[in-house]
Structure formats: C-alpha cells, structure tokens
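These are my notebook entries from a first reading of a structure that was new to me. I wrote down each thing I looked up, together with the rule behind it.

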Amino acid sequence: MNRLDPRSPLVLDTKEVGRRPGSMAELVREVGAPADFGTEVLRVTEGEPLDVDVRLESVVEGVLVTGSVQGTATGACVRCLDPVSHDVDARFQELFAYADRNAHHQEVGDEDAAEEYLIEDGLIDLEPVLRDAVVPALPFQPVCRPDCPGLCSECGMHLAEDPDHAHDVIDPRWAALTDLASEPTTTQTSDRT
C-alpha cells in the first residue's frame with residue numbers, strides 16, 4: 001500500500017478537526033490538476049490550476065468532506081475538431097472513514113465498507129473525490145457551438161466556412177457510364193471489297 005505524501009496539495013491533514021465530532025475546518029487552495037483529469041476529448045491539462053474550497057467536519061464515523069472545485073477543461077469539438085474550453089464547476093461531499101470504523105463495518109458485513117474512502121495516518125487524499133466529481137460533469141460530446149455543422153465527410157472542409165458546400169454524388173450503379181462518356185469517340189470504317 002502506498003503511503004500518502006503530506007506535502008501533496010491534494011492531501012489534507014485532519015489534525016485540525018481531530019476525532020472530536022462537531023469540530024470543523026475550512027480550506028481554500030489553488031492546486032495543479034493531476035494527470036489524466038478528464039476524458040479523451042475534454043480534460044483539465046495536467047498542472048493547470050484548480051480552485052478547491054473544502055470544509056472538513058468531524059463526525060463519529062470519520063471526517064465529512066464537503067466542497068467545490070473550479071477550473072477550465074480544454075479539448076476539441078467533436079464535430080469540427082476546433083479547440084474548445086469548458087468551465088468546470090463541480091460540488092462534492094464524501095465521508096472519509098476512520099480505519100477502525102471501516103474495519104467494524106466490514107466485520108458486520110456492510111457491503112459498502114469496501115468502497116469507503118479511508119483516513120490514512122490522519123491524511124485524506126482528495127484526488128479520487130475530485131476526479132469522481134469533475135469527470136462525470138464534463139460534456140460527453142463537447143462542441144464549439146450548439147449549431148456547429150462539422151466537417152464535410154467527403155473532403156474534410158469546415159462546413160461553417162461554406163454552408164452551401166456540396167459534392168456531386170453519382171450512384172455507383174451508373175458510375176461506369178460516366179467513364180464511357182469521358183472516352184474519346186472513334187469512328188470505325190470497314191472496307192468492302
């Protein structure tokens with residue numbers, strides 16, 4: 001098991017709230033986005049700033065983390081491949097359980113215990129929580145504008161530049177006849193004796 005690095009900006013120390021239910025602490029940070037923070041077509045570039053506002057509340061089971069994250073995701077329009085940017089604004093609330101409480105939940109057969117976030121050596125790792133909040137909130141198919149016409153399927157031209165752009169499409173069954181029309185005509189003469 002990897003130990004959490006307390007120097008990481010996405011790792012929070014719970015010593016301010018301790019194990020006293022009802023105690024609370026608030027943090028505001030600007031952190032660099034972790035790697036692979038998004039989807040294939042839209043993501044927050046690694047190292048780009050994310051504004052994180054977090055409230056830690058001590059409860060009997062652990063520490064309840066409530067907050068928000070803001071930033072900017074960039075990518076490509078799925079219709080025309082032009083660059084797009086999308087404002088990220090996601091909210092989250094997760095319970096980080098104490099190790100002993102999590103062990104108790106597993107002993108009594110709580111099926112959700114395996115999926116609980118844990119407090120490790122008094123530290124909380126926010127990265128998976130932020131990822132779970134931001135990635136599903138990103139548009140599945142980002143577009144540069146709602147009425148983007150995309151690219152021509154024949155030649156790849158931006159249809160926004162020429163809305164009347166078209167190609168003459170010939171039915172493949174008749175295509176052989178166009179070859180006949182383009183061949184030079186020759187006259188055949190026959191000699192009679």
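**Entry 1: a term to settle before anything else**

I began with burial: buried means under 20% relative accessible area, exposed means over 50%, and partly exposed covers what lies in between, with a 1.4 Å probe and protein chains only. I noted that this is a predicted model, in which local features need pLDDT of at least 70 and side-chain atom pairs count only at pLDDT 80 or more, while totals for chains, interfaces and linings use all residues. Residues are numbered from 1 along each chain as its sequence is written, and side-chain values use heavy atoms, with hydrogens and water left out.

**Entry 2: the chain as a whole**

I looked up the elements, where helices (H or I, at least four residues) and strands (E, at least two) are DSSP runs numbered from the N terminus. The protein chain has three helices and nine strands, and read from the N terminus their order is β-β-β-β-β-β-β-α-β-β-α-α. Of the 193 residues in the protein chain, 30% are buried. I then turned to contacts, which means heavy atoms within 4.5 Å. Among those between residues at least 6 apart in sequence, 57% join residues at least 24 apart. The protein chain exposes about 13100 Å², of which carbon and sulfur atoms supply 48%; accessible areas come from the Shrake-Rupley method with a 1.4 Å probe, and for residues only the protein chains shown count as cover.

**Entry 3: V129 and T14**

I found V129 in helix α2, and it counts as buried because its relative accessibility is 2%. Leaving aside neighbours within four places in sequence, V129 is in contact with F92, E94, F96 and Y117. V129 and F92 are 37 residues apart in sequence, yet their C-alpha atoms are 7.3 Å apart in space.

T14 lies in the loop between β1 (11-13) and β2 (24-32), and I recorded it as buried, since its relative accessibility is 8%. Not counting residues up to four places away in sequence, T14 touches V63, I119, G122 and I124. With one of these, G122, there is a further link, as the side chain of T14 reaches the backbone oxygen of G122 at 2.9 Å.

**Entry 4: S68 and its partner R91**

I placed S68 in strand β6 (residues 62-76), where its relative accessible area of 10% makes it buried. Beyond four places in sequence, S68 touches D51, V52, D53, A90, R91 and F92. Between the side chains of S68 and R91 there is a polar contact of 3.4 Å; that term stands for a pair of N or O atoms within 3.5 Å, where within protein one must be able to donate a hydrogen and the other to accept it, and residues adjacent in sequence count only if both atoms are side-chain atoms. R91, by contrast with buried S68, is exposed, because its relative accessible area is 58%.

**Entry 5: charged pairs**

Side chains of opposite charge can pair when their charged atoms come close. I used the rule that a salt bridge is a side-chain nitrogen of Lys or Arg within 4 Å of a carboxyl oxygen of Asp or Glu, and by this rule the count comes to seven. Among them is the bridge of R91 with D89, whose closest N and O atoms are 3.7 Å apart. Another joins R55 and E57 at 3.2 Å; R55 is partly exposed at 30% relative accessibility, and E57 is partly exposed at 23%. I also noted D13 and K15, whose side chains meet at 4.0 Å, N to O; D13 is partly exposed at 35%, whereas K15 is exposed at 65%.

**Entry 6: cysteines**

How many disulfides does the structure hold? I found zero, a disulfide being a pair of cysteine sulfur atoms within 2.5 Å. The sulfur of C77 has its closest cysteine sulfur in C80, but the distance is 3.7 Å and therefore too far for a bond. C77 is buried at 1% relative accessibility. For C155 the closest cysteine sulfur is in C152, at 3.8 Å, so that pair is also too far apart for a bond, and C155 is partly exposed at 44%.

**Entry 7: a nonpolar patch**

Last, I looked at the surface, where I170, W174, L177 and L180 make a nonpolar patch of about 430 Å². Patches are made of residues with over 30% relative accessible area and no salt bridge, like charges being joined within 9 Å and nonpolar side chains (Val, Leu, Ile, Met, Phe, Trp, Tyr) within 5 Å. W174 sits in the loop between α2 (127-134) and α3 (175-182), and it counts as exposed because its relative accessibility is 52%.
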